[in-house]
Amino acid sequence: MNSEPVNREVLAIIGSVPRRWGRMDLLSRMAVVAVGRAFCDSDLLDRQTNKIHGANIVGLISVTRWGSLITDLAFCETLGQGPELASPTVFSYTLPNIAIAEAAGHFGLTGPVYSIFAEHDLMEKVEQEAIFWLSNHPEISAMVAGRLDIPPSYAEGKAPVAEFHIVNGKCRI
């Protein structure tokens, strides 16, 4: 985990520093910033409170190929030193939905929040899933949908991906 300060550009996107920022894994930080970027492009976020406008129920869904594998491997490294030395901080980020749960909590989302796995056509699949929710749950105003991934070969130069957009049903502002 990393306790580096948040730069101005990131702060302009996310509005305020999440309470757990210092202990978050890279995937979670990427999720908060990418979801914040999607909200910057919409009118859904109340920039005074940094939360979703109260009349909206907004969900968040991500698609991934590798989930939290990079964090899982980091946890395994701490386990290698002995079970009693395994990092509880790293362990708390070893599920693929934790990263988007951090983003959902930060922005006050109250709709469904979960990750799906896919190998191909990732953005198409997450878009279809968001449309499914909006079509079958009229109480949901919008879904934030996107891709969130850190490839296992990240250390060898493969770039992480974090891209989200708003799939709008019927938002009330």
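Which residues have the most contacts inside the largest nonpolar core? In this predicted model, they are Phe39, Leu60 and Phe164, and the core they sit in has 31 residues. Two or more residues each come from α1 (8-14), α2 (26-40), β3, α5 (98-107) and β5. Of these, α2 gives the largest share, with 9 residues. Phe39 is worth a click: setting aside neighbours within four places in sequence, its contacts are Leu44, Leu45, Ile52, Val58, Phe107, Leu109, Val144 and Ile166. There's also another core, lying apart from the big one, with 14 residues that include Tyr114, Ala118, Met143 and Val167. As background, nonpolar side chains tend to be buried together in soluble globular proteins.

**The overall picture**

Stepping back, the protein chain has 6 helices and 6 strands. Read from the N terminus, their order is α-α-β-β-β-α-α-α-β-α-β-β. The radius of gyration is 16 Å, close to the 16 Å that the globule rule gives for 173 residues, so the chain is as compact as a globular protein of that length. The C-alpha trace spans about 50 × 35 × 30 Å along its principal axes.

Of the 173 residues, 45% are buried. As for who touches whom, take the contacts between residues at least 6 apart in sequence: 66% of them join residues at least 24 apart. The accessible surface is about 8900 Å², and carbon and sulfur atoms account for 55% of that.

**Two helices to look at**

Start with α5. Here 7 of the 10 residues are buried, so this helix is largely enclosed by the rest of the structure. The buried set is Ala99, Ile100, Glu102, Ala103, Ala104, His106 and Phe107, so you'll find a Glu and a His in there along with the alanines. Phe107 also turns up among the contacts of Phe39. Right after α5 comes Gly108, with a positive phi near 75°.

Now α6. Its 15 residues (122-136) should span 21 Å at 1.5 Å a residue, and the end C-alpha atoms are indeed 21 Å apart, so the two agree. Which residues of α6 are buried? They are Leu122, Val126, Ala130, Trp133 and Leu134. These cover an arc of only 100° around the axis, which puts them on the same side of the helix. That spacing fits a general pattern: an α-helix has 3.6 residues a turn, so residues three or four places apart point the same way. What covers the buried residues of α6 includes β3 (58-64), β4 (113-117), β5 (142-149) and β6 (161-168).

**Positive phi in the loops**

Most residues other than glycine have a negative phi. Here are two non-glycine residues with a positive one.

| Residue | Phi | Loop |
|---|---|---|
| Asn50 | near 65° | between β1 (45-46) and β2 (51-52) |
| Asp121 | near 50° | between β4 and α6 |

Is Asn50 buried or exposed? Asn50 is buried, with a relative accessible area of 6%, under the 20% cut-off for that label. Asp121, for its part, is found in the loop that leads from β4 to α6.

Notes:
Residues are numbered from 1 along each chain as its sequence is written. This is a predicted model: local features need pLDDT of at least 70, side-chain atom pairs count only at pLDDT 80 or more; totals for chains, interfaces and linings use all residues. Side-chain values use heavy atoms; hydrogens and water are left out. Helices (H or I, at least four residues) and strands (E, at least two) are DSSP runs, numbered from the N terminus. The expected span of a helix is 1.5 Å times one less than its number of residues. Buried means under 20% relative accessible area, exposed over 50%, partly exposed in between (1.4 Å probe, protein chains only). The arc is that of the directions from the helix axis to the C-beta atoms. Contact means heavy atoms within 4.5 Å. The radius of gyration is taken over C-alpha atoms; the globule rule is 2.2 Å times the number of residues to the power 0.38. Accessible areas come from the Shrake-Rupley method with a 1.4 Å probe; for residues, only the protein chains shown count as cover. A nonpolar core is a set of buried Ala, Val, Leu, Ile, Met, Phe, Trp, Tyr and Cys residues joined through side-chain atoms within 4.5 Å.
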